[in-house]
Amino acid sequence: MSSLPAPAPTADDLLRHLDEHRLTGPVATPREANLRNIQGFLDGDQHQHMGVVRTREWSFDDVFALMCERVGISADRGHLEGQDTISAALAVAALERYAAVLGEVVAAGGRVLLATGHPAGLFPVYSRIAGAARRAGAHVVQVRDGFAFEDGDVRQIQDVVMVEQYGGLRHTHFPGPMELTLDRLERDGQAPPDLVVADHGLAGAAGSRGLRTIAIADCNDPGVFVAEAQGQVEVAVPLDDNLPPRRYDPVTAFVLERAGLASHA
């Protein structure tokens, strides 16, 4: 006998959950990584540019200020090592916007493509979103997968595009898997997605191609927040993006409820 899904948390309940389970608040991502990755993004580091095409000049100070404003990292410029922070309030506000976009596209019967570079954490989140979106009448884009990427290939498993390598699912920041996926859809005569739900370079690449994109991003992923500031990514939600999947269950329930999809979960 199957059990019913847990009810969606209120915004206040979700705020407490995020901080209690370290999706926000003092997170595991170290301050050193946050500062290093800002510079890496500006330098075009292959792991940090995330497929984002810069439409203006960005300085270190510009990106640092953006990360304080949109993520809630510490604004103390003397804080150079140790823990850093993500604001639960900023995360919940972004999740409200994320859900609104998702709900709008699903209600219109739009085409939704889901992809992740964090299969150990976010794959179950996106798979649940995909199932609810399909049951509510959206078209979840299917990709003829198995095409090569570096030492592995791009695969779609339970509606989510990911990278396989050496028999496992790979964590990646690279935009290439999304670029290859969009190229494959075009070659197969499929219309482009109306919405991409993704993270890392998979979100950056989609946004840089002009596709409507919503993303989850950690405090060491400045490229995604720059893309949001430039209008390429519509919503970037600040959250620790690589925790055990069950910690995201209240996040998923909140998004589905706010998107009008709870009855389809």
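Student: Which residues of strand 10 are buried on one side, and which on the other?

Tutor: In a regular strand, side chains point alternately to the two faces of the sheet. Both faces of strand 10 are covered here, with Thr-213, Ala-215 and Ala-217 buried on one side and Ile-214 and Ile-216 buried on the other. Buried means under 20% relative accessible area, exposed means over 50%, and partly exposed lies in between (1.4 Å probe, protein chains only). Strands (E, at least two residues) and helices (H or I, at least four) are DSSP runs, numbered from the N terminus. The model is a predicted one, in which local features need pLDDT of at least 70 and side-chain atom pairs count only at pLDDT 80 or more, while totals for chains, interfaces and linings use all residues. Residues are numbered from 1 along each chain as its sequence is written, and side-chain values use heavy atoms, with hydrogens and water left out.

Student: Why is strand 10 described as largely enclosed by the rest of the structure?

Tutor: Strand 10 covers residues 213–217, and five of the five are buried, so it is largely enclosed by the rest of the structure.

Student: How many bridges join strand 10 to strand 9, and how many join it to strand 11?

Tutor: Two strands pair if DSSP finds at least two bridges between them. Strand 9 (residues 195–199) is joined to strand 10 by four bridges, and the two run parallel. Strand 10 is likewise joined to strand 11 (residues 235–238) by four bridges, again in parallel. Ile-216 of strand 10 is the bridge partner of Asp-199, and in strand 11 the bridge partner of Ile-216 is Val-237.

Student: Through which helix does the chain cross from strand 10 to strand 11?

Tutor: The chain passes through helix 8 (residues 222–229), and this β-α-β crossover is right-handed. A crossover is right-handed if, with the strands pointing away from the viewer, the path from the first strand over the helix to the second runs clockwise.

Student: Is Asp-199 buried or exposed?

Tutor: Asp-199, which lies in strand 9, counts as buried because its relative accessibility is 0%. Contact means heavy atoms within 4.5 Å. Not counting residues up to four places away in sequence, Asp-199 touches several residues, including His-118, Tyr-126 and Ile-216. Asp-199 and Ala-215 are 16 residues apart in sequence and 5.0 Å apart in space, C-alpha to C-alpha.

Student: Is Ala-28 buried or exposed?

Tutor: Ala-28 belongs to strand 1 (residues 25–30), and it is exposed, with a relative accessible area of 59%. Leaving aside neighbours within four places in sequence, Ala-28 is in contact with Arg-22 and Asp-240.

Student: How many aromatic pairs does the structure hold?

Tutor: Rings of Phe, Tyr and Trp (its six-membered ring) pair if their centres lie within 6.5 Å; planes under 30 degrees apart count as stacked, over 60 as edge-to-face and the rest as tilted. The structure holds two such pairs. Phe-60 and Phe-64 are stacked, at 6.5 Å centre to centre with 15 degrees between the planes. Both lie in helix 3 (residues 60–70), four residues apart, about one turn of the helix. Phe-60 counts as partly exposed at 21% relative accessibility, whereas Phe-64 is buried at 5%. In the other pair, the ring centres of Phe-149 and Phe-174 are 6.4 Å apart and the planes are at 70 degrees, so the pair is edge-to-face. That pair links distant parts of the chain, with Phe-149 in strand 5 (residues 147–149) and Phe-174 in the loop between strand 8 (168–170) and helix 6 (176–187). Phe-149 and Phe-174 are both buried.

Student: Which charged end sits over the ring of Phe-64?

Tutor: A charge sits over a ring if NZ of Lys or CZ of Arg is within 6 Å of the ring centre and within 35 degrees of the ring normal. The charged end of Arg-77 sits over the ring of Phe-64, 4.4 Å from its centre. The charged end of Arg-54 sits over the ring of Phe-41, 5.0 Å from its centre.

Student: Which elements do the buried residues of helix 3 pack against?

Tutor: The buried residues of helix 3 are Val-63, Phe-64, Leu-66, Met-67 and Cys-68. They pack against helix 2 (31–43), helix 4 (88–107) and helix 8.

Student: How many disulfides does a search of the whole structure find?

Tutor: A disulfide is a pair of cysteine sulfur atoms within 2.5 Å. The search finds zero. Cys-68 is in no disulfide, and the nearest cysteine sulfur, that of Cys-219, is 11 Å away.
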